[in-house]
Amino acid sequence: MSAVTRRGLLKAGAVASAAVAIPAGAMALKGAALVVHDSRLPESRLFALGAGGSLLDLALEHGQRFSVIRSGLPKGSRIEGLTRWSDFVALRRELYRQGFRVTAESRSGPLIRWSMAAR
């Protein structure tokens, strides 16, 4: 019989919280009109797998400087993303110009998980 260690408890807690968070996060994505991710980053790529809306891959779009977003999004749209901070800042600036506002923002390691909605 193995002894219970602090490390073992932390690992079990991490696995349990991930099992709960992934379905909850996927449900939050279902109503999004646009899901922004960067396929060069494994965490961001995994985030996009549960998406229900259109996908915007920054790895492909970056050279065009967000042309999909600049072309205009439908009124009442919601955008979800998991990107680097620098990408979020650039996207946020363009989306503010179109009337979107940040509704949620949290850091996940080197990435930021964010949501924006049209006013």
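Is glutamate 80 counted as buried or exposed? In this predicted model, glutamate 80 counts as buried, at a relative accessibility of 2%, and its side chain meets that of arginine 113 in a salt bridge with an N to O distance of 2.6 Å. Glutamate 80 lies in strand β3 (residues 78-84) while arginine 113 lies in strand β5 (residues 111-118), so the pair ties together parts that are 33 residues apart in sequence.

**Overall build**

The protein has 119 residues, of which buried residues make up 32%. Its secondary structure comes to five helices and five strands, and, read from the N terminus on, these elements follow the order α-β-α-β-α-α-β-α-β-β. When contacts between residues at least 6 apart in sequence are considered, 49% of them join residues at least 24 apart. The accessible surface comes to about 7,200 Å², and 60% of that surface belongs to carbon and sulfur atoms.

**Salt bridges**

The count of salt bridges comes to five, and among them are the pairs set out below.

| Salt bridge | N to O distance |
|---|---|
| Glutamate 80 and arginine 113 | 2.6 Å |
| Arginine 40 and aspartate 38 | 2.7 Å |
| Arginine 97 and glutamate 94 | 3.2 Å |

In the pair formed by arginine 40 and aspartate 38, the aspartate is buried, with a relative accessible area of 0%, whereas arginine 40 counts as partly exposed at 47% relative accessibility. These two residues also belong to a network of salt bridges in which Asp38, Arg40 and Arg84 are linked.

The pair of arginine 97 and glutamate 94 sits within one element, since both residues belong to helix α5 (residues 85-97), where they are three residues apart and therefore separated by about one helical turn. Arginine 97 is exposed, with a relative accessible area of 66%, while glutamate 94 counts as buried at 6% relative accessibility.

**Nonpolar cores**

The largest nonpolar core holds 15 residues, and those that touch the most other members are Val36, Ile69, Ile79, Leu91, Leu95 and Trp114. The elements that give two or more residues to this core are β1, α5 and β5, and α5 gives the most, with four residues. Leucine 95 shows how such a residue is surrounded: leaving aside its neighbours within four places in sequence, leucine 95 is in contact with Ile69, Leu73, Ile79, Phe100, Trp114 and Met116. A second, separate core is made up of six residues, including Val35, Leu41, Phe47 and Leu111.

**Histidine 37**

Which element holds histidine 37? Histidine 37 is found in strand β1, which covers residues 34-37, and β1 is also one of the elements giving two or more residues to the largest core. At 7% relative accessibility, histidine 37 counts as buried, because the cut-off for that class is under 20%. Not counting residues up to four places away in sequence, histidine 37 touches Ser44, Arg45, Ala48, Leu55, Leu56, Asp57, Leu58 and Leu82.

**Drawing the picture together**

For a reader new to this structure, two elements may serve as places to begin. Helix α5 carries the salt bridge between arginine 97 and glutamate 94, and α5 also gives four residues to the largest nonpolar core. Strand β5 holds arginine 113, whose partner glutamate 80 lies in strand β3, and β5 is likewise among the elements that give two or more residues to the largest core.

Definitions and conventions
Residues are numbered from 1 along each chain as its sequence is written. This is a predicted model: local features need pLDDT of at least 70, side-chain atom pairs count only at pLDDT 80 or more; totals for chains, interfaces and linings use all residues. Side-chain values use heavy atoms; hydrogens and water are left out. A salt bridge is a side-chain nitrogen of Lys or Arg within 4 Å of a carboxyl oxygen of Asp or Glu. Buried means under 20% relative accessible area, exposed over 50%, partly exposed in between (1.4 Å probe, protein chains only). Contact means heavy atoms within 4.5 Å. A nonpolar core is a set of buried Ala, Val, Leu, Ile, Met, Phe, Trp, Tyr and Cys residues joined through side-chain atoms within 4.5 Å. Accessible areas come from the Shrake-Rupley method with a 1.4 Å probe; for residues, only the protein chains shown count as cover.
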